[in-house]
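Thanks, everyone. I would like to spend a few minutes on ring pairs and then on a sheet with its helices, so please have the structure open as I talk.

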Amino acid sequence: MSRPLRIAVISTVNLPTPPVGYGGIERVVHAFVEELVRKGHEVTLFGRPGSHCSGRVVEVGGYGHMREVIGGKDRLDEEMLYDSVKAFVETEKPDVIHDWSLLNLFVNRHPDAAPFVVSTCIPQPQGYAQQNVVGASAAHAATLKAGKIPFVHYGIEVDKVAFRERAEGRLTHLAKIASYKGQHLSILAAVLARQQLDLVGNVEGRRYYRYLIKPMAAMAPGIRLFGETQDPESTLGNAKALVLAPRWFETFPLVSLQACSAGTPIVTLRSGGLPEQIEPGVNGFIADSVGGLADAMRGVGDISRAACRDFARERFDVRRMVTSYLQLYTRVMDGERW
């Protein structure tokens, strides 16, 4: 991009951007905006109260500062977000709008108001037809609009994550505690592998936690339960490895990038875009069964933590993400739609 752009970035209103504690997509948006600003672009970020960045921030009124969405099933009313964006676009005339919200109200109601792209971070239902949508991984993009859309891997500020040359001897499963995150499978694998495992995350599936995870942790040796961490990167940096055992389609989880940047390898069950984050034997292992996950847990100690850090810097630095999106901005500003 040869000239600075006026870019309106619409974040989610589930949490502030960036969040305190858990909140993957809001962290991605914040890192992305910071890099756009460093490149000289004029960025206006729309977010929940408490949001901040190095550019301009429009705090969307009416949502408050506290977490209001529990369980991932209920979506906040985004009409107030729509009103804020509409008022801005009518007066400020951005060169491009980049929408990360869930409902994409403004760009869908006013598709000709400004060139736009939409980033989606979740699996979408069959028939999803959002215009100018961008997937988070190749696997994700293949599920949307017959696979005829672009994708851009998320990025983070790798060098701002503290590198840990050595870590504790415990594995860590860091995610919301919910059945679709598969903590029970991680426990089974850790027992098979005779490895110590920490489960870290806010409880989303309360029955799952109460009737399955707590009893399993009480009976299994070496399993510890923790609540939500306020410093996920330090938590990951102290881990022997990050363990993931998803039972749903993981588009491109941020936690893997954070772990790898800290020098922590990843062991995971195969799902969605996770294979695009891991080079087996270099920064982790991919398994197809609980037994395979246990084998990966046993072997992960042989992986170089420095190699994990180098892998993250090469593949997942936010600068690569910004470069890719600037190319997409050029396409929509030239009138292309997909």
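This is a predicted model, and the structure holds eleven aromatic pairs. One of them is formed by Phe252 and Phe316, which meet edge-to-face, with 5.7 Å from centre to centre and 70° between the planes. That pair links distant parts of the chain, since Phe252 lies in the loop between β10 (241-244) and α8 (254-262), while Phe316 belongs to helix α10 (residues 305-316), 64 residues apart. Are these two residues, Phe252 and Phe316, buried or exposed? Both Phe252 and Phe316 are buried. If you widen the view, you will see that ring pairs link Phe252 and Phe316 into a cluster with Phe32, Trp100, Tyr154, Phe311, Tyr325 and Tyr329. Elsewhere, a ring has a charge as its partner: the charged end of Arg109 sits over the ring of Tyr82, 4.6 Å from the centre of that ring.

Let me turn to the sheet, which is open and has six strands in the order β3-β2-β1-β4-β5-β6, with parallel pairing. Its edge strands are β3 (56-59) and β6 (133-134), each of which pairs on one side only. Within the sheet, strand β1 (residues 6-10) and strand β2 (residues 42-47) run parallel and are joined by five bridges, and Arg6 stands opposite Glu42 in β2. Helix α2 (residues 79-92) packs on this sheet, touching β1, β2, β3 and β4 (96-99), and its direction makes about 155° with that of β2. Helix α11 (residues 318-333) also packs on the sheet, where it touches β1, β4, β5 (116-119) and β6, its direction making about 135° with that of β5.

Notes
Residues numbered from 1 in each chain as written. Predicted model: local features only at pLDDT ≥ 70, side-chain atom pairs only at ≥ 80, totals over all residues. Heavy atoms only, no water. Phe/Tyr/Trp six-rings, centres within 6.5 Å; stacked < 30°, edge-to-face > 60°. Helix = DSSP H or I, 4+ residues; strand = E, 2+ residues; numbered from the N terminus. Buried < 20%, exposed > 50% of the residue type's maximum accessible area, 1.4 Å probe, protein only. Lys NZ or Arg CZ within 6 Å of the ring centre and 35° of its normal. Pairing = 2+ DSSP bridges. Contact = heavy atoms within 4.5 Å. Axes fitted to C-alpha atoms, helices over the stretch in contact; angles between N-to-C directions.
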